[in-house]
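Opening the notebook on this one. I want to go through charges, cysteines, a few buried spots and the ligand, in that order.

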Amino acid sequence: MPIIAPSLLSANYLNLEADCKMLNESEADWYHLDVMDGRFVPNISLGPMLVEFFRKATAKVCDVHLMIEEPGNFAEQFKNAGADNLSVHIEACPHLHRNIQQIKALGMKAGVAVNPHTPVSDLSDILHDIDLVCLMSVNPGFGGQKFIPYTIDKIRQLRKMIDERGLQVHIEIDGGVTVENAASIIASGADVLVAGNTVFKSADPTSTIAQLKKL
Ligand code: DX5
Ligand code: ZN
């Protein structure tokens with residue numbers, strides 16, 4: 001069964017308590033929290049302060065996706081805010097190995113996120129150091145975009161790299177995941193589904209989560 005990670009970017013910020021309650025009572029596994037700085041991506045979203053609120057609102061895993069430049073400057077703040085997983089973008093990290101070691105030394109699971117144009121082969125020499133690859137299936141910055149079909153090939157390539165080396169690294173797919181395309185995403189080798197609009201814009205978010213979980 002896949003890990004389901006609803007993205008709170010699409011939640012109702014006028015009524016977050018209700019959305020958190022819904023998630024806590026649902027089959028969702030992780031809270032996916034998108035951090036944007038207006039520099040690495042053309043949008044600004046939440047920061048450590050809101051992560052801390054979400055941490056208090058749930059016992060589920062807080063999966064923090066940093067879409068920011070120089071993420072090393074903020075790793076400790078996100079740890080203190082309660083992040084369990086911290087993912088940084090390969091494109092934002094000239095010293096990725098150092099960033100990963102820092103995240104692990106702080107006691108968090110370490111993830112590397114990759115943009116649609118970045119080949120998964122670029123992960124070759126970091127794969128054995130990380131817990132999670134966040135494969136972007138849209139260009140990061142906004143919820144509600146359309147899934148880029150070539151991602152399916154990238155999932156297959158990455159699954160092969162991980163299995164050939166006998167590693168336990170999650171493949172998380174982020175962007176444009178729907179109830180319709182989720183089965184082929186899982187069949188290609190992914191095991192974590194991020195879903196923003198699909199969950200929060202659905203008429204019945206709890207049953208949408210259950211549908212994704214059943215795949
Ligand atoms: C996009 C974010 C995603 C986003 C996904 O930059 O990283 O996590 O919230 O939203 P949907 O599922 O609506 O594409
Ligand atoms: Zn994300």
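**Salt bridges.** Before looking at any pair, I fix the term: I call it a salt bridge when a side-chain nitrogen of Lys or Arg sits within 4 Å of a carboxyl oxygen of Asp or Glu. I also keep in mind that this is a predicted model.

I looked up Lys21 and Glu25 to begin with. Their side chains meet in a salt bridge, N to O at 3.3 Å, and that is inside the 4 Å limit. Why might these two line up? They are four residues apart in helix H1 (residues 16-25), so about one helical turn separates them. Glu25 is exposed, with a relative accessible area of 59%.

Next I checked Arg159 and Asp163. This is another salt bridge, with the closest N and O atoms 3.1 Å apart. Both residues lie in helix H5 (residues 151-164), again four residues apart and about one turn of the helix. I get 47% relative accessible area for Asp163, which makes it partly exposed.

Then I went to Lys213, which forms a salt bridge with Asp29 at 2.9 Å between the closest N and O atoms. This pair links distant parts of the chain: Lys213 is in helix H8 (residues 205-213), Asp29 is in the loop between H1 and E2, and the two positions lie 184 residues apart in numbering terms. Lys213 counts as buried at 10% relative accessibility, while Asp29, at 24%, counts as partly exposed.

How many salt bridges does the structure hold? I count seven. My note to self on the principle: side chains of opposite charge can pair when their charged atoms come close.

**A charge without a partner.** I turned to Glu172, in strand E7 (residues 170-174). Glu172 is buried yet has no salt bridge. Which side chain of opposite charge is nearest to Glu172? That would be Lys213, 12 Å away. With a cut-off of 4 Å, that distance is too long to count as a salt bridge, so I leave Glu172 unpaired. I listed what Glu172 touches beyond four places in sequence, and the list includes Trp30, His32, Asp63, Cys134 and Val194.

**Cysteines.** Cys134 turned up among the contacts of Glu172, so I checked the sulfurs with the 2.5 Å cut-off for a disulfide. The structure holds zero disulfides. Cys93 is in none, and its nearest cysteine sulfur, that of Cys134, is 13 Å away. Seen from the other end, the sulfur of Cys134 has Cys93 as its closest cysteine, and 13 Å is too far for a bond. Are these two buried or exposed? Cys93 is buried at 7% relative accessible area, and Cys134 is buried at 0%.

**Trp30.** I also followed up Trp30, another contact of Glu172. Trp30 is found in strand E2 (residues 30-36) and counts as buried at 9% relative accessibility. Its contacts, leaving out residues up to four places away, include Ile3, Pro6, Val61, Asn85, Leu132 and His170. I took one long-range distance too: Trp30 and Ser87 are 57 residues apart along the chain, with 14 Å between their C-alpha atoms.

**Ser26.** This one is in the loop between H1 and E2. Ser26 counts as buried at 8% relative accessibility. Its side chain reaches the backbone nitrogen of Ala28 at 3.0 Å. Beyond four places in sequence, Ser26 touches Lys60, Thr206 and Ile209.

**Leu212.** Back in helix H8, I looked up Leu212. Leu212 counts as buried at 0% relative accessibility. Not counting residues up to four places away, its contacts include Pro2, Ile4, Val179, Leu193 and Val199. From Leu212 to Asp131 I get 22 Å, C-alpha to C-alpha, for 81 residues in sequence.

**Ligand 1.** Which residues are closest to ligand 1? They are Ser7, Gly141, Gly144, Asp174 and Gly196, out of 20 that surround it. I then went through backbone contacts to ligand oxygens. A backbone N or O atom of Gly141 lies 2.7 Å from an oxygen atom of ligand 1. For Gly176, a polar backbone atom is 2.8 Å from a ligand oxygen, and for Asn197 the corresponding distance is 2.9 Å.

Key. Residues are numbered from 1 along each chain as its sequence is written. Chains are lettered from A and ligands numbered from 1 in the order in which they are written. This is a predicted model: local features need pLDDT of at least 70, side-chain atom pairs count only at pLDDT 80 or more; totals for chains, interfaces and linings use all residues. Side-chain values use heavy atoms; hydrogens and water are left out. Buried means under 20% relative accessible area, exposed over 50%, partly exposed in between (1.4 Å probe, protein chains only). Lys and Arg count as positive and Asp and Glu as negative; His and the chain ends are not counted. Contact means heavy atoms within 4.5 Å. A residue is near a molecule or strand if one of its heavy atoms lies within 4 Å of it. A polar contact is a pair of N or O atoms within 3.5 Å; within protein, one must be able to donate a hydrogen and the other to accept it, and residues adjacent in sequence count only if both atoms are side-chain atoms.
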